[in-house]
Amino acid sequence: MSVRASERAGYRLKRALLGRPLVTSELRDEKLSKTVALGVLAPDCISSSAYGTEQMLTQLVPAVGVAGFALVMPVTGVILALLFLLTLSYREVAVTYTRAGGSYVVARENFGPRVAQVAAVALLIDYVVTVAVQTSAGTDALASLLQLLLHTDIEGDKLWITVGVVLLLCYGNLRGIREAGKAFSVPTYLFVLGAGLTVVVGLIRLLLGDLPRLTDAQLHAPGVIEVGHRGGGVLMGASLFIMMRAFANGGSSLTGLEAISNGVSAFRDPQGPNARRTLVIMSCVLGLLVLGVSALAWRTHAVPYSSGSPTVLAQEAHLVFGQSGFGNVMFTFVQVATALILYTGGNTSFNGFPFLASFVAEDSFLPRRLTLRGHRLAFSNGIIVLTVASLTLLVVTRGNLTKLVALYAIGVFTGFLMAAAGLVRHHWVRREERRTAKIVLNACAATASAAVVVVFTVTKFTEGAWMVVLVFPLGVWALVRTNDRYRAERAALAAAPASATAVRAERSVVCVLVDRLDLAAVKALHHARGLRPDELRAVHFMLDKQHTAELRQQWEANQAADLPLDVVECPDRRLHHAMAAHAAQFTADGRTDLTLLIPRRAYGPLAGRLLHARSGDSIAHAASRLPHVAATIVPFDVARAIAEHPAVTEPRGEPAGSPLA
């Protein structure tokens, strides 16, 4: 007769929500062509062009007024130069390190696992902030569409729309969304087409002299960020500090640049060269879009709003295409494509974060639970951690993009720094062609990335960067401490093979801890007899005299005379102390091994936690610390027994509780 394990209500609910469980053999890696890989891996990077220029203007316009629209161009130029330098560096990462993991793998291979935790924390923070930034920006794009086209304001609902999107992404990934698929590449190409047409048509209209520009009245409309005074000259009041703040905000345009190097293993062979070419194409597309959006902002005076919508890109598209029927269609297309790529960019973190967390956990720097695949073969624990962290960030910042960007660059550019520095060491210890040029290139990339981290920390410290500055070292410390704990546990367990060959104890004793005589205790007693010890005893710790007397009567009426019930008084109710003292009586000679069998009544998950103390678990834990003593839990499923015999209940007034329940 076969016995089929019953499914709990929680599992049945999980199956209803997530679908049938996938077996390990269904896990597969889909290899991508360069065209599909660009669409799948680049949304986070390319979509940052939708808000990079706007974030520069949020710093320049309040400080220097309309002169800030001109100053956005030199700041953009510096950012593009940095993009060029980092692209050259990451081309080498893509060819040299083909395993997923990016800067974490580079740092681990060149500096060791402990130093690599700096890169791990940087990337984990980056993934969390990316979810919040991308989804908030996507909601701003939708809000801009409704405001400019339908004159509908959804400002009060934007946060909850963003939260809903994050929860939807979480649900989809728990079901096992495959990031590697043609469907996920579509938003990237739609956005490149829409934003590209906006830039091209805008520049053509600029050359023809009919590109619209916002009027002074529109620059001071309700909701627009405060426009500073022009002053006596273009640079009047534009201190180096203001330019640095604008550069720090604009650095958000480079987020996601590492995505290609993190996913080299997803490319078709030859993986390295294909990834390198795709990286160059992605950087070129990003650079052209950032330059084009900045140029249009300079000429149209598209200005940021304090609420985040309408966005600068939305205003540019609205001005470029006009308000005709065709213009409204094109404007709608641009905004929908922008929202799609931003939401898709947020989804890339749901793939990157769990995989990175699993790598770090495999190295014993994060809890091992993060290496486990869930119901649908996804790293469910990592997905849930990412969702909770990003939702917390959204709620704290109210989904404000400018506040979120203040948390961005430290993690992003620390990752760039670790990758470039790792390549410097990689080439330093090898004799290879063009070694000196490669060392100089990556040293420049590392220096530039370090400079951005310093600039960002100084200029954005009071706007939220202090949180990253605080969390960063704490995160590295926590990861190292976790590793120390795992190493100490491995060292303690390493003695097991040696001790396993030791001479067996001359005598074995089994004690069954009995608090009440029921099916759980009977099952433990049957198990004890099957062990065939030299001596078998039943032990009861007396906490209540009346209960003990009733147990004695039941025992004498139901048990064989050859198994006495030992009663150990416990007047101070210190079960652990009484158990240790009783165990010492058997093991004091050094020749006796004692095994404690502890019945554990398994109730439903909620009932078990709320209605029962489960002291047996703590007693077993305490017994494991005693020499020559082992503790074994013998479970009995009460919930299943209730389901099979629903009419069986205890008489009214009979005690139902148990310290060992």
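**Figure 1. A nonpolar patch on the surface, with Leu474 as one of its members.**
Leu474 sits in helix α20, which covers residues 465-493. In this predicted model, Leu474 has a relative accessible area of 49%, so it counts as partly exposed. Together with Phe461, Trp466, Val469, Leu470 and Val471, Leu474 makes a nonpolar surface patch of about 530 Å². For the protein as a whole, the exposed area is about 30800 Å², and carbon and sulfur atoms supply 62% of it.

**Figure 2. The whole protein, as a map for the views that follow.**
Before going further into the details, take a moment to get your bearings. The protein has 661 residues, and 52% of them are buried. Its secondary structure comes to 27 helices and five strands. How do the contacts spread along the sequence? Among contacts between residues at least 6 apart in sequence, 82% join residues at least 24 apart.

**Figure 3. The largest nonpolar core and a second, separate one.**
In soluble globular proteins, nonpolar side chains tend to be buried together. Here the largest nonpolar core holds 138 residues. Which members touch the most others? They are Phe191, Leu254, Met282 and Phe413. Helix α7, residues 116-150, gives the most to this core, with 16 residues. Now pick out Met282: beyond its neighbours within four places in sequence, Met282 is in contact with Leu38, Ala42, Cys45, Ile46, Gly256, Leu257 and Ile260. There is also a second core, separate from the largest, with 20 residues that include Leu513, Ala583, Leu594 and Leu596.

**Figure 4. Three aromatic rings in one cluster: Tyr90, Phe413 and Phe416.**
A pair of aromatic rings is described by the distance of the centres and the angle of the planes. A search of the whole structure finds two such pairs. In one of them, Tyr90 and Phe416 meet edge-to-face, with 5.6 Å from centre to centre and 75° between the planes. This pair links distant parts of the chain, as Tyr90 is in helix α5 (residues 67-96) and Phe416 is in helix α18 (residues 409-428), 326 residues apart. Why is the pair of Phe413 and Phe416 called edge-to-face? Their ring centres are 5.1 Å apart and their planes stand at 85°, so the pair gets that label. Phe413 and Phe416 are about one helical turn apart, because they are three residues apart in helix α18. Are these rings buried or exposed? Tyr90 and Phe416 are both buried, and Phe413 is buried too.

**Figure 5. Helix α6, a mostly covered helix.**
Helix α6 runs over residues 103-111, and seven of its nine residues are buried. The buried ones are Ser103, Tyr104, Val105, Val106, Ala107, Arg108 and Asn110. What covers them? The cover includes α5, α7, α12 (259-262), α15 (325-362) and α18. Just after α6, look for Gly112, which takes a positive phi of about 95°.

**Figure 6. A salt bridge between Arg114 and Asp484.**
Side chains of opposite charge can pair when their charged atoms come close. Arg114 and Asp484 form a salt bridge in which the closest N and O atoms are 2.2 Å apart. Arg114 lies in the loop between α6 and α7, while Asp484 lies in helix α20, so the pair ties together parts that are 370 residues apart in sequence. Arg114 counts as partly exposed, at 34% relative accessibility, and Asp484 also counts as partly exposed, at 27%.

**Figure 7. More salt bridges, including a network of four residues.**
How many salt bridges are there in total? The count comes to ten. One of them joins Glu535 and Arg537, with the closest N and O atoms 2.9 Å apart. Buried means under 20% relative accessible area, so Glu535, at 18%, counts as buried. Arg537 has 21% and is therefore partly exposed. Salt bridges that share partners join Arg507, Glu535, Arg537 and Asp566 into one network. Another salt bridge pairs Arg205 with Asp210, where the closest N and O atoms are 3.6 Å apart. Asp210 is partly exposed, with a relative accessible area of 39%.

**Figure 8. Cys444 in helix α19.**
Helix α19 spans residues 435-459 and contains Cys444. Cys444 counts as partly exposed, at 39% relative accessibility. Cys444 and Val424 are 20 residues apart in sequence, and their C-alpha atoms are 9.8 Å apart in space.

Terms used. Residues numbered from 1 in each chain as written. Predicted model: local features only at pLDDT ≥ 70, side-chain atom pairs only at ≥ 80, totals over all residues. Heavy atoms only, no water. Core = buried A, V, L, I, M, F, W, Y, C linked by side-chain atoms within 4.5 Å. Buried < 20%, exposed > 50% of the residue type's maximum accessible area, 1.4 Å probe, protein only. Helix = DSSP H or I, 4+ residues; strand = E, 2+ residues; numbered from the N terminus. Contact = heavy atoms within 4.5 Å. Areas by Shrake-Rupley, 256 points an atom, 1.4 Å probe, with all protein chains shown as cover. Patch = residues over 30% accessible without salt bridge, like charges linked within 9 Å, V, L, I, M, F, W, Y side chains within 5 Å. Salt bridge = Lys/Arg side-chain N within 4 Å of Asp/Glu carboxyl O. Phe/Tyr/Trp six-rings, centres within 6.5 Å; stacked < 30°, edge-to-face > 60°.
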